[in-house]
Number of protein chains: 2
Amino acid sequence: MAKHEKISEAVVRRLPIYLRYLSYLQQVEVTTVSSQQMGRNLDVNPAQIRKDLAAFGDFGKKGIGYDVNYLVEQIRQILKLTDEIRVALVGAGNLGHAISNYNAYLKDNMRIAAIFDSNPNKVGNELAGLTIQPLDELAETIAAKQIKLAIITVPAPAAQSVCDLLTQAGIKGILNFAPTTIRAPKDVRIHYADVTSNLQSLAYYLT
Amino acid sequence: MAKHEKISEAVVRRLPIYLRYLSYLQQVEVTTVSSQQMGRNLDVNPAQIRKDLAAFGDFGKKGIGYDVNYLVEQIRQILKLTDEIRVALVGAGNLGHAISNYNAYLKDNMRIAAIFDSNPNKVGNELAGLTIQPLDELAETIAAKQIKLAIITVPAPAAQSVCDLLTQAGIKGILNFAPTTIRAPKDVRIHYADVTSNLQSLAYYLT
DNA sequence: TAGATTGTTAATCGATTAACAATC
DNA sequence: TAGATTGTTAATCGATTAACAATC
């Protein structure tokens, strides 16, 4: 790894995209790839790809390109996907159901390991092979199962209090589908994924 | 509106966030808001909020702040949310179900107006008050219903061909949930919302 | 060797933030 | 008037891209 530069969020967001393409190349048994080829396929400037990767180490060979297997291995390590990462999902509504069933697709060493809901009628039900748990078991379960990340799929009014619960339980990364801004301590990363804001910003570009 | 500056994507992504907070203020009957108050609540620098808004017009009053109702009206216009915007959803799987049922929540003049799926067993079924249609009706329906945006919730291998169908049908904005990069003509905006990449980049920040 | 491609520096471009005159 | 807050300019910061020596 090395190269103690500060890595920008933009770089970190591109790494999974690179990884996805490289995994595809593995599948079709391509063993070497150039930044130019990657850039063409991912719509990213080749210089940017080289710079992004070079921030973590000298992964390529001049005149040749990158060894696909080696690069996959390196990016997995950078993203800490070498050990399984367990994820909690809070909110077993429509979206929560969809995402937890989607679980199988996450693979790549990510797994939803616990599901929580505040509704007593849902607690105890099975979902994607897990039993839906009440919120007051959240902290204990997250500690016991060594869960590191969380997905919030509760309605907007509940999102902040769920976020508070999660951060108190030691969660350091949250993917928030609720259509609301949430606040957390600076060392907790929050990514937003709500459909409404996304669509509204797309609307700006119409005609 | 006016101020023929070029508006950056970053600004456009913040406008829906502002709108959401302002709508909340309307609900609780607050009539005036300062950039400082907005910034505190949304975790955005107040100078940035003022600059973002000033790019579209002089919406505030010095010494006073912004009139909430007026600002809501203005941002709605900027985002073209004054007329109903119709959205097509392609892929009636788990996620497609969740999002189309979520439909009611979209409100704010956005509505899923057609649902498509390639699976003949799903075609003809009802979903969120709509009949699932086959892909070969896509172009005609999009034209007839004046659909402007689309959501892709098909498996990754099908995403590019669906994207091609959509752009040929005149769609100018796509929200892509499929875990794959898709290519489209330059005048088509694509936003990515796949869960896996989002989680993977969160993983980077762990310890 | 000739051609290709990296890693890196320098140049460019763009976005964020601070500061403050204008003014309500 | 005094206090508050905008709109805007200038300063800063950061990210992207071009260019090229190094080298496989």
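Okay, let's start with the surface near DNA strand C: its residues split into five nonpolar, nine polar and 10 charged. Keep in mind that this is a predicted model.

So who is sitting around that strand? There are 24 residues around DNA strand C, and the closest are A:Ser35, A:Arg50, A:Gly60, A:Tyr66 and B:Ser8. Of the strand's atoms that come within 4 Å of the protein, sugar and phosphate make up 65%.

Here are some of the polar contacts. A:Gly60 uses a polar backbone atom, 2.8 Å from a phosphate oxygen of DNA strand C. On the other chain, B:Arg14 puts a polar side-chain atom 3.1 Å from a phosphate oxygen. With B:Gln48, a polar side-chain atom is 3.0 Å from a sugar or linking oxygen of the strand.

Which elements give two or more residues to that surface? From chain A we have helix H3 (46-54), strand S2 (60-61) and strand S3 (65-67), and from chain B helix H1 (9-27) and helix H3 (46-54). H3(B) gives the most, with four residues.

Now over to the sheet in chain B. This is an open, antiparallel sheet of three strands, in the order S1-S3-S2. Strands S1 (32-33) and S2 (60-61) are at the edges with a single partner strand each, so one side of each has no neighbour in the sheet. S2(B) pairs with S3(B), residues 65-67, over two bridges, and B:Lys61 stands opposite B:Gly65. Helix H4(B), residues 68-78, lies across S1 and S3 of chain B, at about 75 degrees to S3(B).

Last thing, chain A: the assignment gives domain 1 (9-78) and domain 2 (85-199), with 30 Å between their C-alpha centres.

Definitions and conventions:
Residues numbered from 1 in each chain as written. Chains lettered and ligands numbered in written order. Predicted model: local features only at pLDDT ≥ 70, side-chain atom pairs only at ≥ 80, totals over all residues. Heavy atoms only, no water. Pairing = 2+ DSSP bridges. Contact = heavy atoms within 4.5 Å. Axes fitted to C-alpha atoms, helices over the stretch in contact; angles between N-to-C directions. Domains from an automatic or database assignment. Near = heavy atom within 4 Å. Polar contact = N/O pair within 3.5 Å; in protein donor to acceptor, adjacent residues only side chain to side chain. Nonpolar A, V, L, I, M, F, W, Y, C, P; charged D, E, K, R; others polar.
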